[in-house]
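Biologist: Please take a close look at the sheet in this model and describe how it is built and what packs on it.

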Amino acid sequence: MPCFFTLMRKLSFFCSFVSIFILGLCSSLAISAQSLSENSTVSLLTISPGEELWSFAGHTAIRVKDPVNGIDVNFNYGTFDFRKENFYFKFLRGTLPYEIGAANYRQETPYWLREERFVTEQVLDLSLGQKQKLFDYLIENYKPENREYRYKFFYDNCSTRVRDVISEACGDSLKFSTSLHADSTYRDWIKKYSQISHNDWAEFGMDLLIGVPADETTGWAQAMYIPDNLMMAVDSASIQKNGKWGKLVKQRFVIGSTDHQTESLPIKPTVFFFLVFVLVGVLTFIELRSGKWFILFDKILFSLIGLSGLIFFFLWFFTDHGVTSWNLNLLWAFPIWFPTVWFLKRTQSQNLLTKLFLAQAISAAVVVLGFKILPQTFHLAVWPIAAIVLSRSLLIWKRKS
């Protein structure tokens, strides 16, 4: 039964990607610079989080509407092209170029609603000159030669780009609060939005993959990499229009239902790995009492540890995500174990492997003992994992010494 649900989730993931691809192809609009009328409006659209991993924190777009000129367009900086050469490799390495997309509001918005995501629209109280400057900026960005940019989840994404567009159009006439959301780290926001979406295992996975840079404080401006934070920042912002200061948001609407809840898995990562820690403790006790060594268990265990380490190592040294470097999870996950551990023998003297297990034990002990003082914040589930690695490494070292 779990396999069935896994298969269905993968099919859903694939269908969602296909839907985004088709939507991107169908929604490319031939729009050009033109003068907006007095009846035009500019809105910030904030789309609530979705069930898929890439949408766990939501999405942001700008709506430009002008009934006089027949314009009703959503601009967003979250599109990409599946037809790019080496698409998956670039996506994995963090070098896939993202683009600004333009879609008809009445075509794109129903897509979000079908995913049971609601849309918050904030109509901005801009002067005609500010609206025109913002629209011209977007049109210039939408030109084929200007569309692409190097996406960075924390530093340069669909939300920070919209923040910059609004700031560019308004200049010194716009004031954001410099204290709102200023004290949290990038990792804090990932944790918060994973908890909101009840996606504990996604949070655990992302927490493992990001390193020390994720523990930097965002400050008020960079906190807007989260769409909801940008929405709240816009809510509290002030704008100078015709020489007078007032609220940036003139009107606010919510489209769609806000009652959608996602279901979490029945067991959380922390509970799961503490249970594994207890089971490994029981296994170790049985070995010590009986004098046996379940060597196959250690080979499988350290193969998984080594594979994890290879992923951390690859993301640190061979990708350009910006936040996967300096990942201290490598202290408990030596990449060398895969496939080296399969050369482990019961009786044969193996000095190099013996020393490697001692080094792994010492390194894992650093995590276990320094869990709260190391410069990287670890997910709580990492402690039992590191403790398992420490205990089994010490046991193997003792057997082989």
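Modeller:
**The sheet and its surroundings**

In this predicted model, strand β5, residues 119-124, pairs with β10 in the antiparallel sense over six bridges. Within that pairing, Val-123 has Gln-251 of β10 as its bridge partner. The two strands belong to an open sheet of seven strands, whose order is β6-β4-β3-β2-β1-β5-β10 and whose pairing is antiparallel. The edges are taken by β6 (148-150) and β10 (249-255); each has a single partner strand, so one side of each is left without a neighbour in the sheet. On average, neighbouring strands of the sheet are turned by 25° against each other, direction ignored.

Two helices may be described next. Helix α4, residues 128-142, packs on the sheet and touches β1 (41-47), β2 (59-66), β3 (71-79) and β4 (97-104). The direction of α4 makes about 55° with that of β3. Helix α9, residues 227-236, also packs on the sheet, where it touches β1, β2, β5 and β10; its direction makes about 140° with that of β1. Both helices therefore touch β1 and β2, while the edge strand β10 is among the strands touched by α9.

At the other edge, the loop between β6 and α5 (158-170) holds Asp-156. This residue counts as buried because its relative accessibility is 18%, under the 20% limit. The side chains of Asp-156 and Arg-161 are joined by a polar contact of 2.8 Å. Neighbours within four places in sequence left aside, Asp-156 is in contact with Tyr-149, Arg-150, Tyr-151 and Arg-161.

Conventions:
Residues numbered from 1 in each chain as written. Predicted model: local features only at pLDDT ≥ 70, side-chain atom pairs only at ≥ 80, totals over all residues. Heavy atoms only, no water. Pairing = 2+ DSSP bridges. Helix = DSSP H or I, 4+ residues; strand = E, 2+ residues; numbered from the N terminus. Axes fitted to C-alpha atoms, helices over the stretch in contact; angles between N-to-C directions. Contact = heavy atoms within 4.5 Å. Buried < 20%, exposed > 50% of the residue type's maximum accessible area, 1.4 Å probe, protein only. Polar contact = N/O pair within 3.5 Å; in protein donor to acceptor, adjacent residues only side chain to side chain.
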